[in-house]
Amino acid sequence: MKIGIVGLGLIGGSLGLDFRQRGHEVWGVTRRTTTCEAAIAGGAVDHASTELQTLKATDIVFLCTPIHLIEAIALELIPHLSPTTVLTDVGSVKGAIVDTLSAHWPNFVGGHPMAGKSEVGIAVAETGLFAQRAYVITPTEQTPPPAVALLTELAESLQAQVFSCSPAVHDRAVAWISHLPVMVSSSLIQACLSEPDDAVRQLAQQFASSGFRDTSRVGGGHPELGLMMARYNREEVLRSLQAYQDALQQLTERIQGAEWEAVAEILSTNYAARPDFIQSAPAPDTATS
Ligand code: NAP
């Protein structure tokens, strides 16, 4: 199969590496010629260019640029595509993208491979990134079944676990387990920086160990990803932040009131609930989304 990938960074490059290993011919398009060269040298693509029209003979195109560029690039690409070409994207937010692109290209199906790292760019692309991770496909009632079937088949070939849900349900679910943690973790770092005594803050930095490394990891990652989550999934991020503030307020009041039994009950409930969220989670160093 001829597969096009626009945006040869972490996700686009990693898809290219896996698809080539499975015998597909991969055509990449990216912004910089230096990235084209790196993608060819690293084995992520068979052909690389900065020109979208080079993708005209592909069977499916994966849009793997930052979210804010996906719509504009799709509109530039569409005039070059054959009507049978399936268009998909890998953006971490689905509602805003799926509504717009489905209107422009009936053969569009949204997707979100839920794998990542704290670094970005072609240099950190790797094979097997999507194996045993969720790959969420977000068709609408109008999405042609063959487009969904093709994306499902390709995602399963990456050994990903494929889920299907509406764009709205996707955005609400990922707000809880991906976007809220980024905001909370980022605010944790910000709160630590508010320590007014320099000597205390420096000591805290020296004392910080695995607990702080775990809890600050997603909030201290690449700022662009968090910004895109807040901007493109604003409503669901605000909903989850409100629920988090309510939970924090409840815990604060119990501690203020020295209600230790109530504090213990909250902590016990959360201790029991955590395994349901992390039983299929990847190792700590590899996940952001
Ligand atoms: P990334 O490593 O920064 O890759 C994005 C690539 O897009 C860059 O390498 C850049 O290539 C290219 N690009 C920028 N502007 C372009 C343009 N005008 N035309 C063509 N290519 C352009 O970012 P990423 O982590 O792979 O994220 C890409 C997408 O994946 C985002 O939509 C994100 O929501 C989604 N996603 C990310 C993760 C994650 O954890 N990182 C997980 C799941 C989904 P040049 O080097 O040529 O400038």
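A residue is called buried when its relative accessible area is under 20%, and exposed when that area is over 50%. In this predicted model, Leu 151 has a relative accessibility of 0% and therefore counts as buried. Leu 151 is placed in helix H5, which covers residues 145–157. Apart from neighbours within four places in sequence, Leu 151 is in contact with Ile 60, Phe 62, Thr 88, Val 109, Gly 110, Gly 111, Tyr 135 and Ile 137. A further relation in space concerns Leu 87, which lies 64 residues from Leu 151 along the chain, with 9.4 Å between the two C-alpha atoms.

Phe 62, one of the residues in contact with Leu 151, also takes part in an aromatic pair. The structure holds 1 such pair. The rings of Phe 19 and Phe 62 have centres 5.3 Å apart and planes at an angle of 45°, so the pair is classed as tilted. Distant parts of the chain are linked by this pair, since Phe 19 belongs to helix H1 (residues 10–21) and Phe 62 to strand S4, with their positions 43 residues apart. Phe 19 has a relative accessibility of 1% and so counts as buried. For Phe 62 the relative accessibility is 1%, and this residue therefore counts as buried.

Strand S4 (60–63) also marks one end of the loop that holds Thr 58; the other end is strand S3 (47–49). Thr 58 has a relative accessibility of 5%, under the 20% limit, and is therefore buried. A polar atom of the Thr 58 side chain lies 2.7 Å from the backbone oxygen of Leu 55. When residues up to four places away in sequence are set aside, Thr 58 touches Lys 2, Ile 3, Gly 4, Trp 27 and Thr 85.

A second loop, between helix H3 (67–77) and strand S5 (86–89), contains Pro 79. The relative accessible area of Pro 79 is 63%, which is over 50%, so this residue is exposed. Pro 79 and Gln 53 stand 26 residues apart in sequence, and their C-alpha atoms are 8.7 Å apart in space.

Ser 240 is found in helix H10, which runs over residues 234–256. With a relative accessibility of 1%, Ser 240 counts as buried, because the value is under 20%. The side chain of Ser 240 reaches the backbone oxygen of Val 237 at a distance of 3.0 Å. Leaving out residues up to four places away in sequence, Ser 240 touches Ala 175, Trp 176 and Leu 180.

Trp 176, one of the residues touched by Ser 240, is located in helix H6. The relative accessibility of Trp 176 is 39%; the value falls between 20% and 50%, so Trp 176 counts as partly exposed. Together with Ile 177, Phe 277 and Ile 278, Trp 176 makes a nonpolar surface patch of about 410 Å². At least two residues of the nonpolar patch are supplied by helix H6 (167–193), and at least two by helix H11 (260–278). Trp 176 thus appears both in the nonpolar surface patch and among the contacts of the buried Ser 240.

Conventions. Residues numbered from 1 in each chain as written. Predicted model: local features only at pLDDT ≥ 70, side-chain atom pairs only at ≥ 80, totals over all residues. Heavy atoms only, no water. Helix = DSSP H or I, 4+ residues; strand = E, 2+ residues; numbered from the N terminus. Buried < 20%, exposed > 50% of the residue type's maximum accessible area, 1.4 Å probe, protein only. Polar contact = N/O pair within 3.5 Å; in protein donor to acceptor, adjacent residues only side chain to side chain. Contact = heavy atoms within 4.5 Å. Patch = residues over 30% accessible without salt bridge, like charges linked within 9 Å, V, L, I, M, F, W, Y side chains within 5 Å. Areas by Shrake-Rupley, 256 points an atom, 1.4 Å probe, with all protein chains shown as cover. Salt bridge = Lys/Arg side-chain N within 4 Å of Asp/Glu carboxyl O. Phe/Tyr/Trp six-rings, centres within 6.5 Å; stacked < 30°, edge-to-face > 60°.
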